[in-house]
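Me: Please pick one part of this molecule and take me through it slowly, starting with any words I need. I'm in my first year, so plain language would help.

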Amino acid sequence: MKNPSQNCSNIKIWWVAFGLICGGTFLTRFYKVLEPDHVCWDETHFGKMASWYINRTFFFDVHPPLGKMLIAVSGKLTGYDAKFPFEKPGDKYDGAKYEGMRVFCTTLGALIIPLTFLTLWEMTRSIDSSVIGTMLLLFDVGFLTLNRYILLDPILLFFMSCSMYGVFKVRSLSEEGLYPFSIRMLSWQIFLGTSLACTMSVKFVGLFIVLFVGLRTIADLWNVLGDLSKPVSLTIKHLIGRSITLIIWPIVLYTFFFWIHLTVLNKSGNGDGFYSSGFQARLQGNSLHNASAPRVLAYGAILTLKNHRTGGGYLHSHHHLYPQSVGARQQQITTYTHKDDNNKWVIKPFDREEVSGVVTVRSGDLIRLTHAATGRNLHSHRERAPQTPKFMQVTGYGEDGVGDANDVWKIVVSNGKDGDEVQTVRSKFVLVHYLQSCVLTTTGKQLPKWGFEQQEVACNPNLRDLNALWNVEDNLFDGLPKMSFESYASGFFERLIESHAVMLQGNAGLKPKEGEVTSQPWQWPINYRGQYFSGSSHRIYLLGNPVIWWANLAFLVVFFIIYIVNSIKEKRAMAFGSPLPASETRKLLNGAGWSFVGWALHYVPFWAMGRVLYFHHYFPALIFSSMLTGILTEYLLRSIQSYLSTELGRTVYHSAVGVLMGTIVYSFHLFSPLAYGMTGPAQDQNSTMNSLRWLDSWEF
């Protein structure tokens, strides 16, 4: 049992260590934080989105809203006027008040370091493991770089770190036997639930920390249930308390963030076209907001057709032709997610140009659609579609509405019958080609540069294609009375569900842009290639500290070996009826095991993802990997120390820790220009940085 003076000494050491960590964090994170004074990497996206929030302009993005809203609030509070365009990386800020947004993101990124120290302490109750694991993050130049700009990553990693600290703090309180409905326990559980909601509300990869917390919570409940000195009712109370604070509360908070998002962004913007007509009717300035149109469709009307695929666009055409060797060299037909005059079509009977009087369009009618701007008819024939060869090509054909029999389509209202009127917005219908017996559809595949990267439209012989549903959105016709679109407007929960469907589809469909540096999951742990944040005279390059990253990789292997050895030891001890006693090293191994689980949850799923991936996706896993290295370093040194005499063991232990810390700090000194900025010629063979290009794939 430790005496009071030893406890007092340990507390002083803890506060000194924590103070030094906080001081080092402040110095490294805020040094040159406002340099360079131009747009760096994805600041062009998230700065622009902050401007849209301040101006209340609706936009589409693949991520949930909280991170962007926080950036916008920080900009608004520090005088940013939302007028800077954020057009491309390298653009000078030239007086724009970007400082508040960058300092805000840097502050959250800096707080990750002390939170990691606190998490390691809750996991291990070891100052040495806490200091070593935290130093690996503190002195990693890649982690420093990622957390100093107007990006979602520092916000995501901050809330994720709060969740990690919260879940192990709750575990500690459970082990202390704290009553499940005590104020202290509930306060920490609400903190944890809030952190989970915030993490998920920044990026969907926050789901991985939710899974981690779920596994850790199941383990806690299992331990409570396994304590035979306590009644089963205690486990049930813990279960009820955590269900409320870690499931219901985060869902409510997550929904609330989306309510704020949809309430603030109430003005029409360039993202409208990704959403349904009912969604758009809520946006001020949109053609559907407070607008009116005929209730039904009549021949001679000018209309736009919106596809019902999630995130589907408008039926669109333009003067450009399909290129040689891509089916018939006729006018391109696509879907386009932005509103445009080239989305407008004129609906006509199949056998004449005009009708006398007002004749409504009904399900079962044979029709022609003539592109208003070019006079070409919507047309299909037995040529292969450009991106989906088993479908037929759809083109624009004819002159001034005069074409051939392949321009004839049958309109069939979904869940209706022949003779039903086609209603504006409400009616969902398919267009069946009269001769080829295929349905007009969008495949969701992006066309190459010759198709302006719009989405492919084709004719599918499978008449049950779920993506072949369309509705009339704009309906311009003077011969019928008009009704308000207000009755079509979606409610909050409809918009919430649609927002998620569009975001998830957008996320899954992300493809690399021309010239963009992407990466594969196998490259990340080995620090194979970095990424330029700034490529001008002030060059910033995102790359991990190789000493730290390669040590982390080695310790992942070491963990496997230690885990196997200890499993065999425990199994043999149980077989001989003398289970191993609880010890400090077993607590360290438990912490290492959970660190490995966290690393695996935040890394392995990326191997199954079909979307475009980038180097920065590995950094959540890096936190767990660094924690694992810190814990195993102490475990190995303690194991070596146990085989030596007391004096020699202490000397070896402290010498090894000193050499390790010195190496970490010196490697940070060498590679710090990657984060703080490199100047001079990029290809200078005599520069200090050139000698640090240990791999040819490093491009700095």
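Reply: Let's begin with vocabulary: helices (H or I, at least four residues) and strands (E, at least two) are DSSP runs, numbered from the N terminus. What you see is a predicted model, where local features need pLDDT of at least 70 and side-chain atom pairs count only at pLDDT 80 or more, while totals for chains, interfaces and linings use all residues. Residues are numbered from 1 along each chain as its sequence is written, and side-chain values use heavy atoms, with hydrogens and water left out.

My pick is His616, in the loop that runs between helix 14 (584-603) and helix 15 (619-642). Is His616 buried or exposed? Its relative accessible area is 6%, so His616 counts as buried; the cut-offs are under 20% for buried, over 50% for exposed, and partly exposed in between (1.4 Å probe, protein chains only).

What does His616 touch? Contact means heavy atoms within 4.5 Å. Skipping neighbours within four places in sequence, His616 is in contact with Trp41, Leu146, Asp153, Lys203 and Leu542. Now look at Phe619, where helix 15 starts. Not counting residues up to four places away, Phe619 touches Asp140, Gly142, Phe143, Leu146, Leu157, Leu542 and Trp549. Leu146 and Leu542 turn up on both lists.

Phe619 leads us into a nonpolar core, meaning a set of buried Ala, Val, Leu, Ile, Met, Phe, Trp, Tyr and Cys residues joined through side-chain atoms within 4.5 Å. The largest such core has 138 residues, and those with the most contacts inside it are Ile71, Phe143, Phe619, Ile623, Leu674 and Phe700. Helix 7 (residues 153-175) gives this core its largest share, 13 residues. At least three residues come from each of domain 1 (31-259 + 521-692) and domain 2 (274-289 + 490-506). Apart from that core lies another, of 33 residues, including Val296, Leu303, Leu315 and Phe429.

Stepping back, the chain is divided into those two domains plus domain 3 (293-481), with bounds that come from an automatic or database domain assignment. Taken over C-alpha atoms, the centres of domain 2 and domain 3 are 22 Å apart. Their contact takes 11 residues from domain 2 and 13 residues from domain 3. Between them, 6 residue pairs are in polar contact, both at pLDDT 80 or more. For that term you need a pair of N or O atoms within 3.5 Å; within protein, one must be able to donate a hydrogen and the other to accept it, and residues adjacent in sequence count only if both atoms are side-chain atoms. On the domain 2 side, helix 11 (277-280) and helix 12 (492-508) each supply at least two residues, and helix 12 gives the largest share, 3 residues.

Last, some backbone oddities to compare with our loop. Most residues other than glycine have a negative phi, and most peptide bonds are trans. Asn290, in the loop between helix 11 and strand 1 (292-294), has a positive phi of about 50° although it is not a glycine. Val425 also has a positive phi, near 65°, and lies in the loop between strand 9 (409-413) and strand 10 (429-433). Asn290 counts as exposed because its relative accessibility is 60%, whereas Val425, at 12%, counts as buried. Finally, Glu35 and Pro36 are joined by a cis peptide bond, with omega about -5°; Pro36 lies in the loop between helix 1 (4-30) and helix 2 (43-55).
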